[in-house]
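User: I'm new to reading protein models and would like a close look at one part, the salt bridges. Could you walk me through them?

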Amino acid sequence: MMAADQRVYVDWRGNAVDDRKHGGTRATLFLYVLFLLRSCPSSANFSLVAYLHVTLHLDIVTSSTVIAYLVGTVSIFAVLMNFISDAYLKRTTAIFVFGPCVVLGYMLLALQAQVPSLHPPTCAIDRQPNNCEPAQGWNLLLLFLSLLIFAAGEGCMRACVPSLVGDQFSNDGPRNSLRNTFLSWLKFTNSLGAIIGLVFLVWLENNLGWNIGFMMCALIVLVGLLVAASAMPFYQTQKPSGSPLTRTLQVLVASSTKRQACVIDAIELQEIGRADCAEKSGTTQAEETKAIVRMLPIFVSCFLIYMPFTLLMTLTIQVGRTMDKGLGAIQIHSASLIAIPTAFHMLMQPCYSRILAPLLRRISGHGHGITPLQRIGVGSVCGTAAACVATLVETRRLKVAEQHGLILTETGVPMSVFWLVIQFFLLSVMDLASFGGLIEFIKSEAPPRMKPIAPAVQSFLVGLATWSACGFIQLANRVTRHSSGGRGWLDGANFNRTRLDRFFLLLAAFELVALINYTIWARRYARKQQRISAVGSDDGESEI
């Protein structure tokens, strides 16, 4: 067994690993530093919407669309890098080849923010009317190029670093029992880095300038990569031997082909009176096909659940700019408020795993306390509640702005930015519950050879949902433009003249419909699995 394991796990040169030199806690600590320093600027990326609005003078719909495209592209690149690192490149190679793209992306953004000719002239975009010109032409092309390069590196590290941490504990022996513990600490490290980024980097970008902020982001990631690279002789990594994604696609393609072949074979076999078609087609692949087909409605339902998430997050951060950000002498930017629920979840994680989860396991009898399907449902409920709360808060904000005669100016609404904490908290719960629940669902229900692709499937669905959200916000604004006297709900750059409250209500209705649709398919799936389990147990008893 050990020899087989050494053929699978190799060092960065491709040689067989030695347990005394490779893997374990020592190698993992360097990866923790990389993940901590990567998550600092990554968590602050939602504040990029303020840069698009204030510096590049993009309107509300365009700013939200660019951020949604960025989030979706990072997720799709994560799927692609997951495939590449499984099939062609060692994970260490992938990280240090594509990881520097994050640094280059931030440096290009810093260059654009620093050089006056690469962005529009400064103007009072917060006031109406104004003569602000949005970025266009080569300036806009530089922005998209910077974000695309960044997305390639960020997607690579998001997919490969957690897998590489798992590789350090994948040998047989006592190390394997430590794997889940160190992966849990990796989540803690990610949350800690996110809090630092949301507090420090967001303040830096909004007070000292976006050029300094972007350069600091590049420097932080560069230091993380250098620290991780210094431990190259200590890493062990899985030797590329083919991706489970390939197997999944083969099963899906073969299922349609075999369905036609089975019809022909059935006619031939009826004529000669021999064994049926199922034995000829292969039991294993048939079972894998059935499992994937049964899971497809859940995947589509999760796609619909995920769609409003990025729009709610980006629009909430943008509207926070118009509110009172004062906390005594301190100015709190809206993006920094995400640090509050992040810190709460980081501190509650040990309480959940040690107190709440055992209690739920005792009540429900399920190994995780609640089933993955229930966890996804809880996340969708929180998403619906977040959209409803956003609607109420925005309705009040618009009323306050009107009462104080602030319709023609975007900032200065005398309403505390801390009104947004509740919806940020609910969105954070949705993120943890729905996104993590889908990964648990795939790992518990997929065929054994397809369980490793759970994070890739989740990233793929998030990417598609986020890209679809771009079309959703543009379509909603275009339709309402025809029914609201030529002005759409989100036209322009002044939030005090929008009907964002109606758009939030639309997102709440969409999320509610998605929740109802998911509930129907989840219950149907659970009932079908119960029938399959009952048939399997009956067959086992009859054989005995």
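Which residue forms a salt bridge with Arg91, and how far apart are the closest N and O atoms?

Analyst: Happy to help! Keep in mind that this is a predicted model. The partner you are looking for is Asp167, and the closest N and O atoms of the pair are 2.6 Å apart. This salt bridge links distant parts of the chain: Asp167 sits in helix H7, Arg91 sits in helix H5 (residues 91-98), and 76 residues separate them. Both Asp167 and Arg91 are buried.

Your pair has company, as the structure holds eight salt bridges. Another of them joins the side chains of Arg38 and Glu154, with 2.3 Å from N to O. Arg38 belongs to helix H2 (residues 24-43) and Glu154 to helix H7 (residues 138-167), so this pair ties together parts that lie 116 residues apart in sequence. Why do these two count as buried? Buried means under 20% relative accessible area. Arg38 has a relative accessible area of 5%, so Arg38 is buried. Glu154 is at 1% relative accessibility, so Glu154 counts as buried too.

Now compare a pair with a mixed setting. The side chains of Asp501 and Arg499 meet in a salt bridge at 2.9 Å, N to O. Asp501 counts as buried because its relative accessibility is 8%, while Arg499, with a relative accessible area of 33%, is partly exposed. Salt bridges can also share partners: Arg38, Glu154 and Arg158 are joined in this way into one network.

For some context, let's turn from charged side chains to nonpolar ones. In soluble globular proteins, nonpolar side chains tend to be buried together. Here the largest nonpolar core has 137 residues, and those touching the most other members include Tyr106, Phe214, Leu438 and Ile442. Helix H12 (residues 283-320) gives the most to this core, contributing 16 residues. If you would like one residue to explore on screen, try Ile442: leaving aside neighbours within four places in sequence, Ile442 is in contact with Met295, Phe299, Lys451, Ala454 and Val457.

One last stop is helix H8. Its 29 residues (residues 179-207) should span 42 Å at 1.5 Å a residue, and the end C-alpha atoms are 41 Å apart, which agrees. Helix H8 also bends by about 30° at Gly197. After helix H8 comes Gly209, whose phi is positive, near 120°.

Definitions and conventions:
Residues are numbered from 1 along each chain as its sequence is written. This is a predicted model: local features need pLDDT of at least 70, side-chain atom pairs count only at pLDDT 80 or more; totals for chains, interfaces and linings use all residues. Side-chain values use heavy atoms; hydrogens and water are left out. Helices (H or I, at least four residues) and strands (E, at least two) are DSSP runs, numbered from the N terminus. The expected span of a helix is 1.5 Å times one less than its number of residues. The bend at a residue is the angle between axes fitted to the seven residues ending there and the seven starting there. A salt bridge is a side-chain nitrogen of Lys or Arg within 4 Å of a carboxyl oxygen of Asp or Glu. Buried means under 20% relative accessible area, exposed over 50%, partly exposed in between (1.4 Å probe, protein chains only). A nonpolar core is a set of buried Ala, Val, Leu, Ile, Met, Phe, Trp, Tyr and Cys residues joined through side-chain atoms within 4.5 Å. Contact means heavy atoms within 4.5 Å.
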